[in-house]
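Student: I am new to this structure and would like to get to know it step by step. Could we look at it together?

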Amino acid sequence: MSEILSGPDCTTMIEVRAGVDQVDRELIALLARRFAYMDAAARIKPARGAVRDEARKTQVIANACAAAQAAGVPERIVADLWEQLVEASIAYELAAFDRR
């Protein structure tokens with residue numbers, strides 16, 4: 001496999017696609033880490049009702065938006081993605097809690 005170039009260094013679509021595919025693999029690995037924390041939360045929380053925490057959800061999305069702004073990534077897109085990610089995480093954690 002050839003070297004993965006940074007976005008600005010790409011000159012062909014083959015290079016761009018190789019970079020995107022690599023980033024996608026890294027994102028999946030990070031999601032696996034994130035969901036492992038959801039497993040831990042389901043194990044640690046004393047009651048199923050404690051799984052959904054709207055204040056924490058708001059904080060997580062705000063943190064992501066602040067990081068997006070600092071990185072020059074569109075905040076609205078990040079807010080929408082994190083809304084979906086947090087809701088999926090809550091659903092996953094509820095299922096993990098129910099399996100205990």
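Student: Which residues are linked in a network of salt bridges?

Tutor: Good place to start, and keep in mind that this is a predicted model. In general, side chains of opposite charge can pair when their charged atoms come close. One such pair is Arg-52 and Glu-54, whose side chains meet at 2.7 Å, N to O, and another is Glu-87 and Lys-57, at 2.6 Å. The network links Arg-52, Glu-54, Lys-57, Glu-83 and Glu-87.

Student: How many salt bridges does the structure hold?

Tutor: The pairs we just met, Arg-52 with Glu-54 and Glu-87 with Lys-57, are among them. The side chains of Arg-48 and Asp-98 form one too, at 2.7 Å from N to O. The number of salt bridges in the structure is seven.

Student: Is Lys-57 buried or exposed?

Tutor: Residues under 20% relative accessible area count as buried. Lys-57 has 11% relative accessibility, so the class follows from that cut-off. Its salt-bridge partner Glu-87, at 26%, is partly exposed. Lys-57, in contrast, counts as buried.

Student: Where do Glu-87 and Lys-57 lie, and how many residues apart are they?

Tutor: Their side chains meet in a salt bridge of 2.6 Å, N to O. The pair links distant parts of the chain, with Glu-87 in helix H3 and Lys-57 in helix H2. Along the chain they are 30 residues apart.

Student: At what angle do H2 and H3 cross?

Tutor: Two packed helices are described by the angle between their axes and the distance between the axes. For H2 and H3, the axes come within 9 Å, and H2 passes H3 in a right-handed crossing. Lys-57 of H2 and Glu-87 of H3 are both among the residues that make this contact. The crossing angle is roughly 145 degrees.

Student: Which word describes how H1 lies to H3?

Tutor: Helix H1 covers residues 13-44 and helix H3 residues 75-99, and their axes are 8 Å apart. They pack at an angle of about 45 degrees. Because of that angle, H1 is oblique to H3.

Student: How many nonpolar residues are in the contact of H1 with H3?

Tutor: On the H1 side, the residues include Leu-31, Phe-35 and Met-38, and on the H3 side they include Leu-85, Val-86 and Tyr-92. Sorted by class, the contact also has one polar and four charged residues. The nonpolar ones number 11.

Student: What does Arg-48 touch, leaving out residues up to four places away in sequence?

Tutor: Arg-48 is found in the loop between H1 and H2. Its salt bridge with Asp-98 joins that loop to helix H3, across 50 residues of the chain. The residues touched by Arg-48 are Leu-94, Phe-97 and Asp-98.

Student: How far apart in space are Arg-48 and Val-60?

Tutor: Arg-48 sits in the loop between H1 and H2, while Val-60 belongs to H2, on the side that contacts H3. In sequence, Arg-48 and Val-60 are 12 residues apart. From C-alpha to C-alpha, the distance between them is 20 Å.

Student: What are the relative accessibilities of the two partners Arg-48 and Asp-98?

Tutor: Both residues of this salt bridge count as partly exposed. Arg-48 has a relative accessible area of 40%. For Asp-98, the value is 48%.

Note on methods
Residues are numbered from 1 along each chain as its sequence is written. This is a predicted model: local features need pLDDT of at least 70, side-chain atom pairs count only at pLDDT 80 or more; totals for chains, interfaces and linings use all residues. Side-chain values use heavy atoms; hydrogens and water are left out. Axes are lines fitted to C-alpha atoms, for helices over the stretch in contact, and angles run from 0 to 180 degrees between N-to-C directions. Helices (H or I, at least four residues) and strands (E, at least two) are DSSP runs, numbered from the N terminus. Angles under 35 degrees count as roughly parallel, over 145 as roughly antiparallel, 65 to 115 as roughly perpendicular and the rest as oblique. Contact means heavy atoms within 4.5 Å. Ala, Val, Leu, Ile, Met, Phe, Trp, Tyr, Cys and Pro count as nonpolar, Asp, Glu, Lys and Arg as charged, and the others, Gly among them, as polar. A salt bridge is a side-chain nitrogen of Lys or Arg within 4 Å of a carboxyl oxygen of Asp or Glu. Buried means under 20% relative accessible area, exposed over 50%, partly exposed in between (1.4 Å probe, protein chains only). A crossing is left-handed if the near helix is turned anticlockwise from the far one by less than a right angle, and right-handed if clockwise.
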